[in-house]
Amino acid sequence: MHSASPVAGAAGADAAADDSLGSSISDHAGAAEARLRKGFGPRVRRLHARIGKAHHQAEGMGFSRALLAGQADPLQLAALVRAVAPAYALLEQEAPALAMALGGAAIPWPLLARGAALQHDLAVLDRLPVTPPSPAAAAWLEHLRQLCREAPHRLMAHVYVRYGGDLSGGQQLGRQANAILAAHGLPALNFWTFAAPIEEIKCSLHAGFEAMALSPQQEADLLDEAEAAFLLTQRLLAELETISAPAGPSDPIALLLKHDRPVPRYTSYPTAAAFSDAVGADQLRTQLAQPSTAPLSLYVHVPFCRHACWYCGCHRVTTQLGSTVVAPYLASLARELDLVSAAMPQRRRLAQLHWGGGTPNYLNLQETAQLWALIRQHFDLEPDLEASIEVNPEFLSRDAVLQLRQLGFTRISFGIQDADPDVQQAVNRVVPVPQLRRVMGWLREAAFSSVNVDLICGLPRQSPERFRRTLELVQELRPDRIALFSFAYLPEQLPLQRRIAAAELPSQRDRIRMLEQAQQRLCANGYEAIGMDHYALADDSLAEAARQGRLHRNFQGYTTGGELDLLGIGPTAISQFPHLFSQNQRELKAWSAALARGELPVERGLEVHDPEVLERRELIRQVMCRFALELDDLGRFELEWQTLQGLAADGLVELSRQGQRGALQVTSSGRWLIRTIAAVFDPQQQRCASGSRLL
Ligand code: SF4
C-alpha cells in the first residue's frame, strides 16, 4: 500500500513495496508488508500503480524529509493536525453511508475513525502558538464536500489514500512526530495509534474497496481522484514548509492568510456558478427582440490553441489542425451571426469588440480578415470603436500585427506570465524574451492605442528573484496596462494542472513578496493600481475610468464600457444584459450542432429580476470597481455591517457611520482582498464559499 499519510501524505513504507514505486521507500517496508501486498486485489493494485509518481513527489518534499529526519518543528506538526482535522471529521461523517451504497460494507469504519484521536491531539497542541489557516486544507475540505454531493465514488479515493497512508507510512511518520514532540517536552499524539492490529485493519480496508461495485467510468474516476488526493497532499506539505515563527496580529502576511478564502472573481453577479438550463435559446431570442438603438459590445470566442499551457483554466480546443478546424468554426460563426441578426428588430452598432479565447491569432491572416468581414456584415462600427484582441506572442508575426491594426483593432493583449525560461518550461509555455521584445516593437510600430500584458504570480519554479527579472522586462516593454493574476492551483478540478508538481510552487510568503514587489515597482514607474490585479499607466483610459468612478466589470475583467449590453458569440461565450445572462454551448461540437439545426446555441444562463439581487449586484460592483461604498439603510444590511467590522479591525476597510447611513472605503492593505470584501454582500458566498483564493 502507498503512504499518503494524510497528515502528511509523505514518506511511507507501504507504497514502497509496490513494484511500480521503486526502491527508495522500500527501506521502510518490512517483510510482513511485502507478504501482505502480494495479496492485493486488482483494484488496490491499480490504485497503487496510479499514485506511485505523486507519492514519490510527496516523499521528496521538504517537510516530509524534515519529519523523517526528526527535524520538523512542533509548530509544523500543530499546523498539520489543525489543517487536516476538519477533513477527517467530514470523511467520517459522510463516507460510511456513501461507501455502503457503493457496496463497500466491509470498510472497518469504527477501527479507522480518527475523530477521538484528533480531539486529543488538538487539545495537546493547543499550547503551541496559533498557526495560519491552511488554504490547501480548506480547498481539500471544499473539494470533499463537493464529492459527497456529486461523486461519492471519487470520495472513496480520498478514504483510501488517507486511511491507507495512516496505516502504512504514517506509522513511521507518527513515531518520528512523537519523538520530535518528546524532545520539546510535549506529549505524544494519538493520531497514528489504532485500536486493532494494523494488518487486520488494512485487510478489511482492502476488502471493502475490492467489494465496491463501480462502473468502468467510476473505476477510472477513482484512479484519477486518487492522484488528485495526493496532489492536494502535496499542497499541504508545501505550505508546511513555510511555517516557522508565529505571525503576530499586525503581520501583513498573517492578515492576508487569515482573510484569504475562496471567492469568485465577480466578473458578474450572480456569478456563472448560478447559471442553469432554465435559460435557453428562447430567453436570448426574446432579449434580442427588444427594440434598442444603443450600441453593443460584442465578444467573439476563438477556442483553438496550438498547445496547452499547464496552468490554463480556459475553455479551449488544443489542436494543430489549423484551417481544417477553423473553416467549419467560421462557417458556424457565420450561422450564429445570421441567427442573432435575424432575432434583432434592427441593425445594431458596435461600440466595443473583443476577440478572446483560446488564441484568436490561431487564425491565419485570411481567416482573420474573413471573421472581421463577417462582423462588419452584421453590425455597423462606431467611429470610435474600441476593438481589442488577445494574442499569443509565441506565434505572432509582424504581418499579423500590422493586419490586426489595419483591420481596426485598437487594443491588444498578450500573455507573458513569467519571462524566466525555467518557469516557462514548468508550465509548457515557452516564449523567449527576444520574441517578447520583437512583439512589443511591432505593436508599437503598428500604433495600437493600448497594449496589455498578462503576468501570473504563483507559477511553479517562480521566486521573488526570478519574478524581479520579469518585472524589469515589463518595465522595459512599458505596456499601457498590466494584469497581474494570482495562480489558482486547482488540480482536483483542472486535470491539466496535475502536470504541475505542487512541490515546485512558490510558498505563500514568496507569492506575497512577489505581489508586493510588483506593486512597488509598477507604482514607482508611473502605473496606477486598479482593483486587486490590474495596473495602468495614468493616461490609459482604464486608469482614467478608475479615477472618475466609471470602471465596470464584465466577463473579460475590468472595462470602461459597463453600460453596454454584451453579446457573446462562439462556443462558451457569455452574453450579459441587465436582466439576463446566457452562455453558449461550451463544447465546440455541441455549439456547431445547435447552429447546424438553426438554433441559437444557448446552453445555460440566468434571469435576474429580483430587486434585492440587482441591488447586491450594484453593491458588489461598487466595491470591486470604486473600492468604496455607501449604504443608505444599514438596518437592511446589519449582518453585512457586522462582518465588515471584523475586516475593519484588521485594517482592510475603513468604516464610518452616521445614523442609518454607512460608508466603506477599502484600504491599501485591503486591496489584495477586494473580492473577500465584496463577498460580504453575496449571501451565497456566506453560506458556502466557492471560487479561488488570492494565494
Ligand atoms: S494559450 Fe491561453 S487559452 Fe490557450 S492553453 Fe494557453 S493559457 Fe490556455
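These questions and answers walk through a predicted model of one protein.

User: How are residues numbered, and which cut-offs apply to the model?
Analyst: Residues are numbered from 1 along each chain as its sequence is written. In this predicted model, local features need pLDDT of at least 70, side-chain atom pairs count only at pLDDT 80 or more, and totals for chains, interfaces and linings use all residues.

User: What is the radius of gyration of the protein, and what would a compact globule have?
Analyst: The C-alpha trace spans about 80 × 60 × 50 Å along its principal axes. The radius of gyration is taken over C-alpha atoms, and the globule rule is 2.2 Å times the number of residues to the power 0.38. For 695 residues the rule gives a value near 26 Å, which agrees with the protein's 27 Å.

User: How many helices and strands does the protein have?
Analyst: Helices (H or I, at least four residues) and strands (E, at least two) are DSSP runs, numbered from the N terminus. The secondary structure comes to 27 helices and 19 strands.

User: Which helix gives the largest share of the largest nonpolar core?
Analyst: A residue is buried if 20 or more other C-beta atoms, placed from the backbone, lie within 10 Å of its own, exposed if 12 or fewer, and partly exposed in between. A nonpolar core joins buried Ala, Val, Leu, Ile, Met, Phe, Trp, Tyr and Cys residues through C-beta atoms within 7 Å. The largest one has 192 residues, and V81, V623 and I677 touch the most other members. The largest share, 13 residues, comes from helix 5 (residues 74–101).

User: Why do the buried residues of helix 7 lie on the same side, and which helix do they pack against?
Analyst: In helix 7 (residues 115–125), A117, L118, D121 and L125 are buried. They cover an arc of only 95 degrees, taken from directions from the helix axis to the C-beta atoms, so they sit on the same side of helix 7. On the other side, A116 and A123 are exposed. The buried residues pack against helix 5.

User: Is R405 buried, exposed or partly exposed?
Analyst: R405 belongs to helix 17 (residues 398–407). Beyond four places in sequence, R405 touches A446, A447 and F448, where contact means C-beta atoms, placed from the backbone, within 7 Å. With 19 other C-beta atoms within 10 Å, R405 is partly exposed.

User: Which residues surround the ligand?
Analyst: A residue counts as near if its C-beta atom, placed from the backbone, lies within 6 Å. The residues around the ligand are C305, A308, C309, C312, C314, R316, G357, G358, T359 and N392.

Technical notes: Contact = placed C-beta atoms within 7 Å.
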